[in-house]
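Hello,

Here is the structure we talked about handing over. Please open it alongside this note, and my findings follow below.

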Amino acid sequence: MRSYSDAQECFRRIHPDDRRLLLDKVAGRVNYEEAILQRWRTNDGAYVWFEEYTTPIYENGEIVAVQGVIRNIEAAMTERERLMYESRHDSLTGVFNRRAFEETIAQARNACDVGIIVLDVNDLKVVNDMEGHSAGDDLLKRVGMILQGIESSVYRLGGDEFVLFLEMMPRDACERMVRQIEAACQKESISVAIGLAWASCPETIEALWQRADDAMYERKRQQKVDLLDV
């Protein structure tokens with residue numbers, strides 16, 4: 001990247017999310033012994049990742065300039081982001097995976113107005129046995145797409161179990177979401193069992209999750225009873 005005669009050009013080219021980093025760099029509020037990662041807009045309008053090793057220049061104890069060596073690390077960052085994505089997403093459905101869910105609940109210890117929805121796809125084993133595992137995979141993909149169309153915080157914990165983690169959402173909104181999911185699945189002729197647990201200030205997220213799981217299994221039991229009564 002070349003130097004600019006216009007000192008403001010770098011501020012116009014820095015990615016908006018990295019502007020604070022640039023301000024800190026020129027003000028001496030960064031560790032100059034470490035590489036500084038930032039995104040700059042190239043002449044074609046694309047933002048590219050760069051790594052910079054910067055040295056401050058002082059006069060009378062004040063920073064008057066910074067100079068450094070900068071290199072393009074876009075390929076490395078793209079690969080890093082790909083690996084990070086794959087480590088936190090389910091490869092089949094594209095929703096978050098169990099690892100991401102465990103990270104989320106670990107960071108939500110003091111969360112308020114929390115709802116957890118547990119969804120189990122009914123008869124997945126029957127579909128796998130009668131139509132093949134590719135049909136079962138397609139069913140899970142369809143469920144994942146339905147859930148992602150309703151809420152972004154969707155996790156597949158394995159098998160046919162999905163979880164939605166709803167933070168700072170009132171109980172009635174969580175209940176409406178359950179009805180919305182049920183209606184969307186019914187429209188696609190997909191049978192599911194759903195359990196919801198909500199708390200304004202849950203004692204533990206794990207306990208709330210267990211309540212939602214218990215509610216889901218109770219719903220599944222009731223669905224079987226209803227089928228026998230038909």
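**The nonpolar cores**

This is a predicted model. Its largest nonpolar core has 27 residues, and the members that touch the most others are Ile117, Leu119, Leu147, Phe162, Leu164 and Ile181. Six elements each give this core at least two residues: strand S4 (114-121), helix H5 (124-131), helix H6 (133-148), strand S6 (161-166), helix H7 (171-187) and strand S7 (192-199). There is also a second, separate core of 20 residues. Ala100, Val114, Val118 and Val163 are among its members.

Take Ile117 as a way in. Setting aside neighbours within four places in sequence, Ile117 contacts Phe162, Val163, Leu164 and Leu166. Its other contacts of this kind are Cys174, Met177, Val178, Ile181, Ile194, Gly195 and Leu196. As background, nonpolar side chains tend to be buried together in soluble globular proteins.

**H5 against H6**

The axes of these two helices come within 6 Å and cross at roughly 145 degrees. H5 brings Leu124, Val127, Asn128 and Glu131 to the contact. H6 brings His133, Ala135, Gly136, Leu139 and Leu140. By type, the contact residues are five nonpolar, three polar and one charged.

**The three-stranded sheet**

How are the strands of the open sheet ordered? The order is S1-S2-S3, and the pairing is antiparallel. Strand S1 (36-41) and strand S3 (62-72) are at the edges. Each has a single partner strand, so one side of each has no neighbour in the sheet. From one strand to the next, the twist averages 45 degrees.

Strand S2 (residues 47-59) runs antiparallel to S3, and 10 bridges join the two. To find your place there, look for Glu51, which stands opposite Arg71 in S3.

Two helices are worth viewing with the sheet. Helix H2 (residues 19-27) packs on the sheet and touches S1, S2 and S3. The direction of H2 makes about 120 degrees with that of S1. Helix H3 (residues 74-88) lies across S1, S2 and S3, and runs at about 120 degrees to S2.

**Two residues with positive phi**

Which residues other than glycine have a positive phi? Asp113 is one, with phi near 50 degrees. Asp113 sits in the loop between helix H4 (98-107) and S4. Its relative accessibility is 30%, so Asp113 counts as partly exposed. That class lies between the cut-offs of 20% and 50%.

Met168 is another, with phi near 55 degrees. Met168 belongs to the loop between S6 and H7. Is Met168 buried or exposed? Met168 is exposed, because its relative accessible area is 71% and exposed means over 50%.

**The whole chain**

The protein has eight helices and seven strands. Its radius of gyration is 25 Å, well over the 17 Å that the globule rule gives for 230 residues, so the protein is more spread out than a compact globule. The C-alpha trace spans about 85 × 40 × 25 Å along its principal axes. Of the 230 residues, 39% are buried. Among contacts between residues at least 6 apart in sequence, 55% join residues at least 24 apart.

Best wishes

Terms used: Residues are numbered from 1 along each chain as its sequence is written. This is a predicted model: local features need pLDDT of at least 70, side-chain atom pairs count only at pLDDT 80 or more; totals for chains, interfaces and linings use all residues. Side-chain values use heavy atoms; hydrogens and water are left out. A nonpolar core is a set of buried Ala, Val, Leu, Ile, Met, Phe, Trp, Tyr and Cys residues joined through side-chain atoms within 4.5 Å. Buried means under 20% relative accessible area, exposed over 50%, partly exposed in between (1.4 Å probe, protein chains only). Helices (H or I, at least four residues) and strands (E, at least two) are DSSP runs, numbered from the N terminus. Contact means heavy atoms within 4.5 Å. Two strands pair if DSSP finds at least two bridges between them. Axes are lines fitted to C-alpha atoms, for helices over the stretch in contact, and angles run from 0 to 180 degrees between N-to-C directions. Ala, Val, Leu, Ile, Met, Phe, Trp, Tyr, Cys and Pro count as nonpolar, Asp, Glu, Lys and Arg as charged, and the others, Gly among them, as polar. The radius of gyration is taken over C-alpha atoms; the globule rule is 2.2 Å times the number of residues to the power 0.38.
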